[in-house]
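Thank you all for coming; I would like to walk you through one structure this morning, taking the strands, then the aromatic rings, and then the charged side chains. Please keep the sequence and the model in view as I talk.

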Amino acid sequence: KMEELKMSEKKYTQQELTDAFRSAIEDRAKWFYLLSKYTDEGFDKIAEKAITEFGIAKGEAIGECKTPADFAKAILTGHPREAFAMEPVKIDEEESIIKFHHCALVEAWKKLGCSKEEVAHLCDLACYGDYGMVGVFPELNLEFKQLLSRCEDCCEMVITKK
């Protein structure tokens, strides 16, 4: 039976894995948009709290992080790196810069017919996850210099020491 199991295991290419990961992110973007669409008022405050809490849990899962380089190395591992087409531009102890060249969230919102303003607003809310993640580390600061949701070239994440 072990032989049968091994024979049935499919090997996936990096592109197939990246596409599957992006599809899962797009699904998350769809339900996020629908929640915002059907919540009469107070959605932004709820989303900010919930997404920040989600980010905090992700940050805590990273473990110890003392420098921008530690944080950058942690988020550059695994499937998100390919799914978001992350490009490490600068990784050091004082400042790390990562460019994200793809965002399945933004792509999904565009496919759903969201206006440019809606895409930018939903992205601003989604970024609370990133701020929550970095917020776990009191010695670090996060800033986005560019955002795909604002029709800029990439999402440029800059992590610095406080």
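Before I name any partners, a word on terms: two strands are taken as paired if DSSP finds at least two bridges between them. Please also bear in mind throughout that what you see is a predicted model.

Let me begin with strand S4, residues 155-161, which is mostly covered, since 5 of its 7 residues are buried. Which strands pair with S4? One of them is S2, residues 95-100, which runs antiparallel to S4 and is joined to it by 6 bridges. If you would like a place to look in that pairing, take Phe 100, whose bridge partner in S4 is Cys 155. Strand S3, residues 140-146, also pairs with S4 in the antiparallel sense, over 6 bridges, and here you can find Glu 143 standing opposite Val 158 of S4. Please remember Glu 143, because I will return to the salt bridge that it forms with Lys 145.

Now to the aromatic rings. A search of the whole structure finds 5 aromatic pairs. Among them is the pair of Phe 32 and Phe 43, which is tilted, with 5.7 Å from centre to centre and 50 degrees between the planes. This pair links distant parts of the chain, with Phe 32 in helix H2, residues 14-38, and Phe 43 in helix H3, residues 43-62, the two being 11 residues apart. Are these two rings buried or exposed? Phe 32 has 9% relative accessibility and therefore counts as buried, and Phe 43, at 11% relative accessibility, counts as buried too.

Phe 32 has a further ring partner in Trp 109: their ring centres lie 6.0 Å apart with the planes at 40 degrees, so this pair is tilted. Because Phe 32 lies in helix H2 and Trp 109 in helix H6, residues 104-111, the pair ties together parts that are 77 residues apart in sequence. Both Phe 32 and Trp 109 are buried, and Phe 32, Phe 43 and Trp 109 form one aromatic cluster.

Let me turn to charge. Side chains of opposite charge can pair when their charged atoms come close. How many salt bridges does the structure hold? There are 5, and I will describe some of them.

In one, the side chains of Lys 90 and Glu 95 meet at 2.7 Å, N to O. Lys 90 is partly exposed, at 33% relative accessibility, and Glu 95 is likewise partly exposed, at 23%. Lys 90 and Glu 95 also belong, with Asp 92, to a network of salt bridges.

A second salt bridge is formed by Arg 150 and Asp 124, with the closest N and O atoms 2.6 Å apart. Arg 150 lies in the loop between S3 and S4 and Asp 124 in helix H7, residues 116-126, so the pair ties together parts that are 26 residues apart in sequence. Arg 150 counts as partly exposed at 42% relative accessibility, and Asp 124 is partly exposed with a relative accessible area of 31%.

Finally, as promised, we come back to Glu 143, which forms a salt bridge with Lys 145, the closest N and O atoms being 3.8 Å apart. Here Glu 143 is partly exposed at 37% relative accessibility, and Lys 145 is partly exposed with a relative accessible area of 47%.

Methods. Residues are numbered from 1 along each chain as its sequence is written. This is a predicted model: local features need pLDDT of at least 70, side-chain atom pairs count only at pLDDT 80 or more; totals for chains, interfaces and linings use all residues. Side-chain values use heavy atoms; hydrogens and water are left out. Buried means under 20% relative accessible area, exposed over 50%, partly exposed in between (1.4 Å probe, protein chains only). Helices (H or I, at least four residues) and strands (E, at least two) are DSSP runs, numbered from the N terminus. Rings of Phe, Tyr and Trp (its six-membered ring) pair if their centres lie within 6.5 Å; planes under 30 degrees apart count as stacked, over 60 as edge-to-face and the rest as tilted. A salt bridge is a side-chain nitrogen of Lys or Arg within 4 Å of a carboxyl oxygen of Asp or Glu.
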